[in-house]
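Reader: Let us look at the labels attached to this model. I want to know what stands behind each one.

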Amino acid sequence: MRACDHGPRTTLRTVNSMLPPFDKLEKIVLLEKSLGYTDKAVIGGLGKFAELWHEEARQTTDDPLLIRLVDETAALLGKYSEESAERRQEMVDEILREWGTADRKTVPQPVPADSAVSQPSKSEPSEERTTLASPVRELHGLSDTYAKRLSRLGVTNIRDLLYLFPHRYDDFSSLKTIDKLEYGEEVTIVGTVRETSQRTSRRGQSLVTSTISDGTAVVQATWFNQPYLVKRLRPGKQIVISGKVDEYLGRLTFSSPTWEPLDEELIHTGRLVPVYPLTKGIAARWLRRLMKRTTDYWALRLPDHLPLPIREKMNLLSLESAIQQIHFPDSWEMVEQARRRLAFDELLMIQLGVLNQRHEWRKRSGQPVQIDGSLLRTFVESLPFALTPAQERVLSEILDDLQEPEPMSRLLQGDVGSGKTVVAAAALLMTAASDMQTVMMAPTEILAEQHYVSLDKLWGELWLPGLTKLTSHLRLLTGSVKQSDKQSIYDEIASGEARIIIGTHALIQEDLDFKNLGLAVIDEQHRFGVTQRASLRQKGHNPHVLVMSATPIPRTLALTIYGDLDISTIDELPPGRKEIVTHWMKPRERERAYNFLRTRVKESEQAFVICPLIEESEKIEAKAAVEEHRRLQEEVFPDLRLGLLHGRMPADEKEAVMRDFYQGTLDILVCTPVVEVGIDVPNATVMLIEGADRFGLAQLHQFRGRVGRGEQQSYCLLLADSPSDLGEQRLQIIESTQDGFKLADEDLAMRGPGEFFGTRQSGLPDLKVARLSDVSVLEEARAVAKEIWQEDPDLKLPQNRLLARRVREFWHRGESDLS
C-alpha cells in the first residue's frame with residue numbers, strides 16, 4: 001500500500017479535523033491495537049466496518065491520492081477478520097504508517113460498526129456514539145416527552161428529523177425602515193425598544209406593547225397573553241421584528257409579530273422562515289430552533305448517497321447543501337434548487353426500486369401458454385358486440401406475453417366501461433384451454449360475484465378441447481362461501497378440476513393449493529398491497545400476472561409507479577355508449593337536485609349520494625356520513641329506502657349493504673368515498689356528490705363511472721358550497737369532458753400523486769418533496785436510473801454502495817403498491 005509515496009505525504013492529522021471518517025478510522029485502528037488485534041474494536045469486526053467506512057470516506061473527498069489511499073485501506077481492512085493475529089498486527093501497523101498516525105497514543109471507546117457519523121459532545125465523550133439512526137431523544141436537551149410528540153410527526157430518529165421538511169415559508173426577507181411601512185405587507189424591521197408596558201384587556205387577556213424606533217420613525221407592536229415579554233423587551237434592546245403591518249386607530253402597528261434579538265443568528269425573522277407541520281405540545285419556535293441546531297450539525301455528517309459524477313452531470317446540490325437550504329434557505333432560488341435535488345433523490349429511489357422488481361421477476365422462468373386460435377375465434381365471434389381496435393391491440397399484447405417462457409407482468413388500464421373484462425376473459429380462456437389454472441382476484445365479494453356472473457354469461461356454451469364445457473370448470477371463492485362448499489372447492493382446485501377461480505383475498509389463504517396456476521388477474525390494482533400480490537404469485541410456479549386498473553393513469557405516473565410492469569391501455573370506449581350528463585349545481589339548487597333524485601327513483605331507478613371527503617380522519621368522515629344518512633332519511637326522503645356505507649363498517653356489513661343496493665331493495669345509497677372501487681349496478685342512474693370540490697378529478701371521474709352501466713340515461717350532479725378557485729376549475733373540467741385520460745393528466749398537474757389516488761390508497765412510498773407532475777425531473781431520474789442499472793444492476797460497485805443502502809431504506813419506510 002503505497003498510494004502517497006509521490007508528492008507531499010498525506011497524514012490523518014491534515015484531514016481529520018474536517019473529515020469525520022478519517023478521524024473515526026484513526027480511533028478504531030488505535031483501539032484495535034490496544035486490544036491486542038482481537039478484532040473487537042467495533043461490533044461486527046473490522047471487515048464489516050471497512051465496507052461501511054469505505055462508502056462514507058469516498059464521499060468526503062475529491063483528492064485522487066486520498067481516494068486511492070481510501071480504496072487500498074478499505075481493501076486491506078476488508079480481509080482483517082480472516083487473518084491471524086500476527087498478520088493483523090502487520091496490517092494495523094501498515095495502515096497507521098501510511099496515515100501518519102503510528103505515534104498516536106489516544107485510545108477511544110468501542111463504537112458500533114454501522115456508525116455513520118458522530119454526534120457533537122454534550123460534554124460527555126461517550127456521546128460520540130450517536131448516529132443518524134439514533135433516537136431523537138439522544139439530541140442534547142430533548143426529553144422523552146418531546147421525543148414522543150415528535151413521533152406523532154413521523155420522527156423517531158435523527159435522520160427522520162432532517163427529513164421533516166417545511167410545508168411552506170413565511171417570507172420575512174423584505175427589510176424596511178419604519179417610515180416606509182405600508183398597511184397589509186409582510187415585512188421585517190430592525191429597531192431599538194424605547195419602552196414596553198403591560199395592561200389587561202376587558203376580556204382578562206394580558207397585553208404587552210412595545211414602542212420600537214429605527215431612527216426614521218416609531219411603531220408599536222402588541223403581543224397577547226405573553227406577560228414574560230415585559231422582562232425580555234427592555235428599553236435599549238435591539239430587536240428584529242417580522243410580521244404583517246396592521247392598523248389600529250389610524251396608526252400602523254404590528255399584532256403578535258415574530259421577534260428575535262438582533263445579536264443572535266436570525267431563525268424566526270428577517271429571512272425566509274420555515275413553517276413546519278406541528279402537533280399538540282410542539283410550538284413553532286421550539287421546533288424551528290431544534291431544526292436549526294440539528295441541521296447545522298448533522299447535515300454536514302449526512303453521507304451523500306448520490307455519486308459525485310451524477311451530481312455534477314445533473315447540476316444538483318450536495319445532500320448537505322440541499323438539507324440546509326430546504327430548512328433555512330438563503331433565497332427562493334435556493335429553495336427550488338434544494339427541492340430539485342431532494343425530489344430527484346426520491347424519484348431515483350422509486351425508479352431503482354421498480355427496475356429491481358422488474359429484473360427479479362423477469363429472471364424467473366414461467367410456463368408458456370399455448371394459444372388455441374380456433375377457440376379464441378369462436379369466443380370473439382360469440383360476443384354480442386365487436387371488439388374495439390383498442391381491445392384487439394391490448395389482447396394481442398397480452399397473448400404475445402402469455403406465449404413467452406418468462407412470466408408476464410403487465411398492467412391493463414382503461415377507462416370505466418372500456419371493456420377490460422372481455423380482454424381478461426380471453427386471456428383466462430386461453431390459459432384454461434392450455435391445461436393450466438387461472439384466478440381473478442377482486443377487492444370485494446360483490447365485485448367478485450359480478451365477475452363470476454359476467455364470465456359465466458360471456459363464455460356461455462364454449463367447450464374446451466377434450467369436450468368439457470368451460471363454465472363447468474368455473475368456481476367462485478369468497479369469504480362468505482359456506483365451509484362445506486369451501487372445502488369442496490379447495491379439493492377441486494388442488495386436483496385441477498377447478499380451472500378458473502374468481503374470488504377475493506380468500507384466494508391467497510395459506511391452506512389453498514393450486515395444481516398448476518398459470519395466470520393471475522388482479523382487478524382494481526391499487527386496492528391490493530404488495531404482500532397480497534406476492535402471496536398470489538407464490539401460489540404457482542411464477543404465474544403470469546395481469547393487473548387491471550380502472551383509474552386512467554398518465555404515462556409519466558404509470559412509468560414511475562408501474563415501471564416494473566409493461567403497460568397496455570384501452571384508450572377508446574365501445575361505440576354507442578351514452579355519455580353521463582354531468583352538471584355542477586350551486587348550493588341554492590340543492591332542493592332541485594333532491595327533487596331530481598326523487599323523480600328518477602319513481603321511475604324505478606336508483607341513486608348514489610357521496611358524502612364529503614374529510615381528510616383528517618376516517619372516524620370523523622364516518623360520523624358525518626351517519627349524520628347525513630339520518631338527515632336525508634328523516635327530512636328529505638322519508639318515504640324512500642336509504643342505505644348507508646362507510647369505511648369503518650365491518651366488511652360483512654358493507655357486503656350486505658352493497659348486495660341490498662344491487663338487488664334493488666334500497667333506492668338510495670349514502671356513502672363515503674369507499675364506493676370508488678365498487679359495484680356494477682346497472683339500475684343506478686344518478687350520482688350526487690356533496691362537497692365535490694374536495695375531490696380530485698380522477699376520483700370524481702371514478703364516482704361518475706359507478707352509474708351509466710345500464711341502458712338508461714345517467715346523470716352526475718356535483719354540489720359544492722364554497723369552492724376555492726382551484727375547486728371551481730376542477731368542477732368546470734369534470735363538467736366539460738368524459739375522457740378519463742385527459743382528466744388524469746389535469747388531475748396530476750393540479751394535485752400531485754398522493755392525492756391523485758386519494759390519500760388512503762396511494763401505493764407509493766412516502767414522497768416528501770417530489771411532485772410527479774414535474775415531468776422534467778422525473779425523466780431525468782428515469783434516465784439516470786437506467787444508466788446506473790445497466791452498469792451495476794445490483795448496486796455492488798463501491799461508488800454505489802451508499803445508494804444501495806438508501807434505496808433499501810426508502811422502500812422499507814412502508815409497504816408500497818408496486819407489484
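Author: What follows takes the labels one at a time. The model is predicted.

Reader: How many disulfides does a search of the whole structure find?

Author: The search finds zero disulfides.

Reader: Why is Cys611 not bonded to Cys671?

Author: A disulfide needs two cysteine sulfur atoms within 2.5 Å. The closest cysteine sulfur to that of Cys611 is in Cys671, at 7.1 Å, so the two are too far apart for a bond.

Reader: Is Cys611 buried or exposed, and what makes it so?

Author: Buried means under 20% relative accessible area. Cys611 has 1% relative accessibility, so Cys611 counts as buried.

Reader: And Cys716, buried or exposed?

Author: Cys716 is at 1% relative accessibility and therefore counts as buried.

Reader: What makes strand 20 and strand 22 edge strands?

Author: Start with their sheet. It is open, has six strands in the order 20-25-24-21-23-22, and its pairing is parallel. Strand 20 (581-585) and strand 22 (642-645) each pair on one side only. On average, neighbouring strands here are turned by 15° against each other, direction ignored.

Reader: How do you know that strand 20 and strand 25 pair?

Author: Two strands pair if DSSP finds at least two bridges between them. Strand 20 and strand 25 (residues 715-719) have five bridges, in the parallel sense. Met585 stands opposite Leu719 of strand 25.

Reader: Which helix lies across strand 20 and strand 25?

Author: Helix 24 (residues 725-736) does, running at about 155° to strand 20.

Reader: Why are helix 16 and helix 22 called oblique?

Author: Two packed helices are described by the angle between their axes and the distance between the axes. Helix 16 (residues 445-459) and helix 22 (residues 651-662) pack at about 45°, with axes 9 Å apart. Roughly parallel means under 35 degrees, and roughly perpendicular means 65 to 115. The pair is therefore oblique.

Reader: Which residues meet there?

Author: Glu445, Ile446, Glu449 and Gln450 of helix 16 meet Glu655, Met658, Arg659 and Tyr662 of helix 22. By class, this contact has three nonpolar, one polar and four charged residues.

Reader: How do you know that strand 12 and strand 17 pair?

Author: The cut-off is at least two bridges. Strand 12 (residues 437-441) and strand 17 (residues 517-523) run parallel and are joined by five bridges. Gln437 stands opposite Leu517 in strand 17. Both strands belong to an open sheet of seven strands, ordered 15-16-12-17-18-11-19.

How values were computed: Residues are numbered from 1 along each chain as its sequence is written. This is a predicted model: local features need pLDDT of at least 70, side-chain atom pairs count only at pLDDT 80 or more; totals for chains, interfaces and linings use all residues. Side-chain values use heavy atoms; hydrogens and water are left out. Buried means under 20% relative accessible area, exposed over 50%, partly exposed in between (1.4 Å probe, protein chains only). Helices (H or I, at least four residues) and strands (E, at least two) are DSSP runs, numbered from the N terminus. Axes are lines fitted to C-alpha atoms, for helices over the stretch in contact, and angles run from 0 to 180 degrees between N-to-C directions. Contact means heavy atoms within 4.5 Å. Angles under 35 degrees count as roughly parallel, over 145 as roughly antiparallel, 65 to 115 as roughly perpendicular and the rest as oblique. Ala, Val, Leu, Ile, Met, Phe, Trp, Tyr, Cys and Pro count as nonpolar, Asp, Glu, Lys and Arg as charged, and the others, Gly among them, as polar.
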